[in-house]
Amino acid sequence: MIDYVLKRMIQLIPALLIVSVVSFSIIYFAPGDPAETLCTGPDGTANPKSVEAFRTKMGLDKPLYTQYLIWLNNVLHGDLGYSYQSGSPVFNHIKRAFGATFKLSVVSLIISLAISIPLGIISAIKQNSPVDVACMVGASLGVSMPNFWLGLLLMLLFGVYLGWLPVAGYGDGGDLEHILLPAITLGTGSAAITARLMRSSMLEALGQDYIQTARAKGVSERIVISKHALKNALIPVVTMIGLNFGYLLNGSIVVETIFGWPGIGRLTIDSINMRDYMMVQGCIMFVAILFVVINLLVDISYRYIDPRIRYDAAR
Amino acid sequence: MMQHDKHDSWVTNTVARVRESRSAMLGLATVVSLVLLAIFAPQLSPNDPTEVCLGDRLISPFKESKYPLGTDHLGRCVLSRLLYGARVSLAVGITVVGVSTAIGVALGVVSGYYGGILDSAIMRLVDATLSFPSIFLAVVIAGMLGRGLASVMIALVAVEWTSYARVSRGSVLSLKEKEFVESARSLGARDSHIMTRHILPNIIAPVIVVATIGMAYVILAAAALSFLGFGAQPPTPEWGAMLNAGRVYMRTAPYLTILPGFAIMLLVLAFNLLGDGLRDILDPRRVVVE
């Protein structure tokens, strides 16, 4: 097991290096000279002298690979630079925003699993019944529905017409009232994907020989489903949590923007709009590392849960 | 000759099976209808989609026969904008999926065929791209390149090509040990000939499946990027941008929020249904019950 974990971690190194190169070079995608770009604020370009001073100070006059190595060294020491907008370290902004995103993701994930697992199970047990058809049509709609549209529709219904929930905002540190609408918006999309997977995985489990055996020896249908089939059917759903997390991170960009949730997605969008490039660089780097680590954890847990998978069989 | 016959039966077989699959047919019919609406948008639109008429602002749907689906905050005809919007979404989808397929399949085939360092290098690039949540990466690239549909398309190609590279590499790995490749090689065929004439025709099926579902993803993502303000700029009639402009008037004119979102969902759903249906039909692992 430890061998496997180490092997996977070593495999991550080249990917992480490329991630760092991509994040680093993002600043060079922007039109114009990076020193000028970094010195440009909402008030316009800085004077040429201070741009020159900045260039020397930040080492932007050095060759590109030296710049990259300096930057990488700083990043490895947890220094992602400073937000030109606020002047405080990028890392602090990201830490705060991540807290909000994490909270939203956890609630969304709970909502998603609470919807998808029961529906997936019911669909599988009552395969091809009207209930199953309805669930799967719902899942197709859920996958195809733009989350920004769903968010606005929920806002319209619960915020504007019924007035039950606040339309947007973070409230008092992200309270339940404020988190519900964005979390439902995010959770529904991933619920649609998970429900389909749960259904097919449950159908596969129910078709196995040991289910026949259990039924033959007189185990009640309830126990067959909840103990024998469900346990095995849940395994693929666990890996899905990792994919779900990617889905939630992606969705957070749009949903946080709509609902004014101060998370990492909104921070990224705001930083792009304000041309706060150090922050953009920090956000994309952070999100990528987070994503890679989560996927690693899911891979490890997957193999831990399902002993049938041999550690050395992976790639 | 044998190859050719096999290819023909593969196509007719697929067509027959698509006809049997109700959801694939529904998806196909919807895609075809929406494509026709997009093509004939100039003939079907009651008004010019970008014509501003401030005297006719925010007219609700079904109120005036001149504007069947009402008007937006600048008095522009919503129906005409929705029809022209289908053109934008489909054009973006086709361009991004087309370019991604070309890049992805070329790299995937080369990667799988030659193996070695080239393969490792290409696959690490794929891994690194997949390390980023795709919309995040696309947003950052589009944001850095500047606003506009071109930036959105470049950003989406940058994340989309990996799916095609992976699926074609996987298919090539199993194909290159097959007898017909071996025999072509022993007859002295060049690598480029084997790749384009023998391998490429045989990986079309999985690539079509990925491309169909890719259309759904790209249309959704492009609409999201436009919604966030990075894509289509005014006055281009684009669904995501229409939704973003309309949401300000959510309380007084909810149809400006509801209609464009519904259009996006319909088009995305159609491609998803078609893609899921094709996947079930073309999946070689599927047990054929005849």
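In the predicted model, helix α9 of chain B, spanning residues 191–199, contains four residues that are buried, namely B:Ile194, B:Met195, B:His198 and B:Ile199. Viewed down the axis of α9(B), these buried residues fall within an arc of 115°, and they therefore line one face of the helix. The general geometry of helices accounts for such a pattern: an α-helix has 3.6 residues a turn, so residues three or four places apart point the same way. The cover over the buried residues of α9(B) includes three other helices of chain B, α4 (78–114), α7 (149–175) and α8 (179–186).

Chain B also carries a nonpolar patch on its surface, with an area of about 700 Å². The patch is made by B:Met25, B:Leu28, B:Val32, B:Val35, B:Leu36, B:Leu37, B:Ile39, B:Phe40 and B:Leu44. Helix α2 of chain B (residues 22–39) supplies the largest share of the patch, with 7 residues. B:Leu36 is situated in this helix and counts as partly exposed because its relative accessibility is 42%.

The cysteines of chain B were examined for disulfides. A disulfide is a covalent bond between the sulfur atoms of two cysteines. The count over all chains is 0. For B:Cys53, the closest cysteine sulfur belongs to B:Cys77 and lies 11 Å away, which is too far for a bond, since the two sulfur atoms of a disulfide must be within 2.5 Å. B:Cys77 is likewise in no disulfide, the nearest cysteine sulfur being that of B:Cys53. The surroundings of the two residues can also be described: B:Cys53 counts as partly exposed, with a relative accessibility of 25%, whereas B:Cys77 counts as buried, at 1%.

Chain A has 12 helices and 0 strands. Its C-alpha trace spans about 85 × 55 × 30 Å along the principal axes. Of the 315 residues in chain A, 47% are buried. Among the contacts in chain A with a separation of 6 or more, 72% are between residues 24 or more positions apart in sequence. The chain exposes about 15200 Å², of which carbon and sulfur atoms supply 66%.

A:Ser116 gives an example of a buried residue in chain A. This serine is located in helix α5, which comprises residues 90–125, and it counts as buried because its relative accessibility is 0%. When residues up to four places away in sequence are not counted, A:Ser116 touches A:Ala191, A:Thr194, A:Ala195 and A:Met198.

How values were computed: Residues numbered from 1 in each chain as written. Chains lettered and ligands numbered in written order. Predicted model: local features only at pLDDT ≥ 70, side-chain atom pairs only at ≥ 80, totals over all residues. Heavy atoms only, no water. Patch = residues over 30% accessible without salt bridge, like charges linked within 9 Å, V, L, I, M, F, W, Y side chains within 5 Å. Areas by Shrake-Rupley, 256 points an atom, 1.4 Å probe, with all protein chains shown as cover. Salt bridge = Lys/Arg side-chain N within 4 Å of Asp/Glu carboxyl O. Helix = DSSP H or I, 4+ residues; strand = E, 2+ residues; numbered from the N terminus. Buried < 20%, exposed > 50% of the residue type's maximum accessible area, 1.4 Å probe, protein only. Arc of directions from axis to C-beta. Contact = heavy atoms within 4.5 Å.
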